[in-house]
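Reader: I'd like a close look at a single part of this one, with enough of the surroundings to place it. Could you walk me through a sheet, strand by strand?

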Amino acid sequence: MSSRRFAASLFAVLLSASALSASGAIAQTTVTSAPPATFTLGNGLQVLVIPDHRTPVVTQMIWYKVGSADETPGKSGLAHFLEHLMFKGTSKHPAGEFSETVLRVGGNENAFTSTDYTGYFQRVPREQLASMMEFEADRMTGLILKDENVLPERDVVLEEFNMRVANNPDARLTEQIMAALYLNHPYGRPVIGWRQEIEKLDREDALAFYKRFYAPNNATLVIAGDVDAKEVRSMAERTFGEVAPQPAIPVKRIRPQEPTPAAPRTVTLSDPRVEQPGVRRYYLVPSATTAAAGESPALDVLAQLMGGGSNSYLYRALVVDRPLAVSASAGYQGTSLDATQFMISVSPKPGVEFAQIEQVIDAVISDVGKNAVRAEDLERVKTQLIAEAIYAQDNQATLARWYGGALTTGLSIEDIRSWPERIRAVTAEQVRDAAQKWLDKKRSVTGYLIKDAAPKREEPKREEKRS
Amino acid sequence: MTYHGTFARRAAFVVAACLTMALLAPTPSHAAAKIQHLISPGGIEAWFVQDATVPLIAMEYAFGGGATQDPADKPGVGNMVASLIDEGSGDLDSRTFHERLERRAIELSFSSTRDYFRGSLRMLKDNRDEAFDLLRMSLTSPHFDSADVERIRAQIMSGLRRDTSSPTSLASRKFLELAFGDHPYGRLANGTLESVPRIDVADMKDYVGRVLARDTLRIAVVGDVDPATLGKLLDQAFGGLPAKASLTPVADVEAAKPPQRAFIPLDVPQTVVTFGGPGIRRNDPNFMAGYVVNHILGGGGSSSRLYREVREKRGLAYSVYQSLLWMDHSAVFVGNTGTRADRAGETVDAITREIRRMAVDGPTQQELDEAKSYLKGSQMLALDTSSKLASALLQYQIDKLPIDYIEKRNAIVDAVTLDDAKKAARRLWGQGLLTVIVGRAPQAAAQPAAAAPPAAN
């Protein structure tokens, strides 16, 4: 979640920037962009440089390999809380100075936290890069926190929680599904944290977490834009290069893993404000990092086939052929250090029972698991996925996000660049096998969002609060 | 791997800073420096930047009209047209039409905004002929088959039903009503639960016939195509449209005079507050002064006064901002925040106080200098992708700015004096606020006069 500004837009789907060649309608479109330059500083900081010389601007993103799944139980929300507090200044640059510098040159900045990583970025005119690196390197270890800053910021985070979760029945259902899906792994905890734990986070918690995880050897720096890798290297050495590593941070993150799933689960979230009921099915599936060769691209293709757009199997079956639902979609999030989710989401039409919807979902899954998909469907879906890799190149910040996210979840640059090739190589049999193996109900949680029709409790005291 | 997950789902938390449009840089971006005014053989005009860095073409375009052309008793017609115009055209049914798009990963979309019916087309360069041909079909021979109409209608109705319990939707809907009353700007483009069921194919065909025409069309294209080829493509896509639109005239309107307050009770943990008032039209000579001073008050991310007072110092909200909105026939400023029910009064008071302070004293010279510096630097960042550049070039045309505006703009920003900024602040905020409060907050029901003293808590 972003700490700086209003929730703007979620990032779009991002894919690879690799060279494309053969196959289908995009046969002639070859991407000539060079691979990003990469090097590692003496203190272990990995640096990646993605050139884009169209406009004299640059994006700096620093990614720490720490997210909500690395929090100590009982301190949920700490990774995200610290992300907010990283804007509170250092001994060298008091609160506000970094942000003011960014704004004075017309730049923008923000930060984000996920289960596996925490990132900070600035987008500025290219000549400001050295200054941005100096600021970012400084706050890697120089953060100063005072209660006068920490406590109001905790209120800000609680309002963020209210906005994103408490006010939003859909988000509350997501929390319940994830908690039910992960029986043992910390992905079951919300990134923003459980409210009663956020309320108790304090300055000492934040500083301890900061000291434990923020170090050059636990970070990846991505610089994208109108820059030269050599210049970046010398600037990085002068700034980040001066920060001492923390050898105690383990290279590999070992978290409690999920047992073999044994029983399908269901959760039902009812809220008086639900005007459009929904049903969602999440399956526990391997991520790009944990999957066997070829499996993760097959799941990408499967998700697109089943629920990407108006010709997808679920949309056809539920929205077009038998109009039982107003929408139907599927998604797979491959970028994840540990086992991830394959998601199906359907909004039934008024009066349609969840059971009718689920029957169709199950029939579609069973069909995909038994019969090889049509060659033209497979081709169409692959083309769409691969094209996204080209569209992504239009946006340097998108590319920076995509590489940063992959590198902080255990993937390599080569994994990313070869992604289109691996999508192209997916066969109908692999898609069928993936459906059969992973879309097994035992691996799933089904979540229902329903209107709470119970008569509302009286609230006689409401008016008395008037001051 | 797709990033659906990490970014869009698991963390509905990964969020980007958003850029404000329509501002330019000290050094224009390389691409923006080469804007051509292209006229096709058939007389279709476009602003065009040729750029072969990435093998794609991005086009943004707009027809005059938008939601203002919805029949007064049937708001939502334009929106329904926008949702259905790519659901089957010419000799292709919806399924085949989408297959043709998907097979080549062509991105085609439409929307009905307040004043414009807009479209967006993005393709890999090798697929340009197919892309422009599909666009031609959708614009000139949409089917509106009844099964598709009912499917899309059900989706729009589902969204409208959701809106009835969403505090932010309720607040913005009410704000527009408060500001614009019966004027078309008082309605939302997606219509209402009452109007959408009554929209029929004849309404949509009538809308298409009146609105989609060449004389109000504005086009911006950025990408890997040469001007001669683009000219032919534009003729292919738009040449078959009627020469003249027949639009219902829309009256100029001034937003309601503040202060006024409305309260909508809704049992939600976070109270949502939308506030605003009459703004400054884009063609007003004092527009830039207003733009700069609004940036200082509520538009500048972490540097704005509202951000500092409401979020940073008091921890009252996660998000608080205010922007200027300009339309063809009016203008408003509008802000938004969300806060704990028991501190909603305190939040509204803090906002009101800052707005009053700015109206009375204006900004400081230092604030003005820093805001100008930001505004001059930020445009370059707003123009760094083909899609963003195309959107900006369309907006300049909509705003009736000259094609060399990018070069002129810094001088316009620099010319804003402290006195101009103070005058603009007085004009914008001297009267107070139109405020809509949605939530549990009991104080919200109080009328503005009663809300003046600071809250006890």
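Author: Sure, and a word on the setting before the sheet. This is a predicted model. Chain A has 467 residues, and for that length a compact globule would have a radius of gyration near 23 Å; the chain comes out at 23 Å, so the two agree. Along the principal axes, the C-alpha atoms of chain A take up a box of roughly 70 × 65 × 40 Å. Of the 467 residues in chain A, 56% count as buried. If you look at contacts in chain A with a separation of 6 or more, 82% of them join residues 24 or more positions apart. As for secondary structure, chain A holds 16 helices and eleven strands.

Now for the close-up, which sits in chain B. Here six strands make an open sheet, and reading across it you get β1-β2-β8-β3-β7-β6, with mixed pairing. The edges belong to β1 (36-39) and β6 (107-112) of chain B, each of which pairs on one side only. Going from one strand to the next, the twist averages 20°.

Let's zoom in on one pairing inside that sheet. In the strand order of chain B, β8 is followed by β3. Strand β3 covers residues 56-64 of chain B and strand β8 covers residues 218-223 of that chain; they run antiparallel to each other and are joined over six bridges. If you want a spot to centre your viewer on, try B:Met59: across from it, in β8(B), stands B:Val221. From there you can trace the sheet outwards to its edge strands, β1 and β6 of chain B.

Technical notes:
Residues numbered from 1 in each chain as written. Chains lettered and ligands numbered in written order. Predicted model: local features only at pLDDT ≥ 70, side-chain atom pairs only at ≥ 80, totals over all residues. Helix = DSSP H or I, 4+ residues; strand = E, 2+ residues; numbered from the N terminus. Rg over C-alpha atoms; globule rule 2.2 N^0.38 Å. Buried ≥ 20, exposed ≤ 12 C-beta atoms within 10 Å, placed from the backbone. Contact = placed C-beta atoms within 7 Å. Pairing = 2+ DSSP bridges. Axes fitted to C-alpha atoms, helices over the stretch in contact; angles between N-to-C directions.
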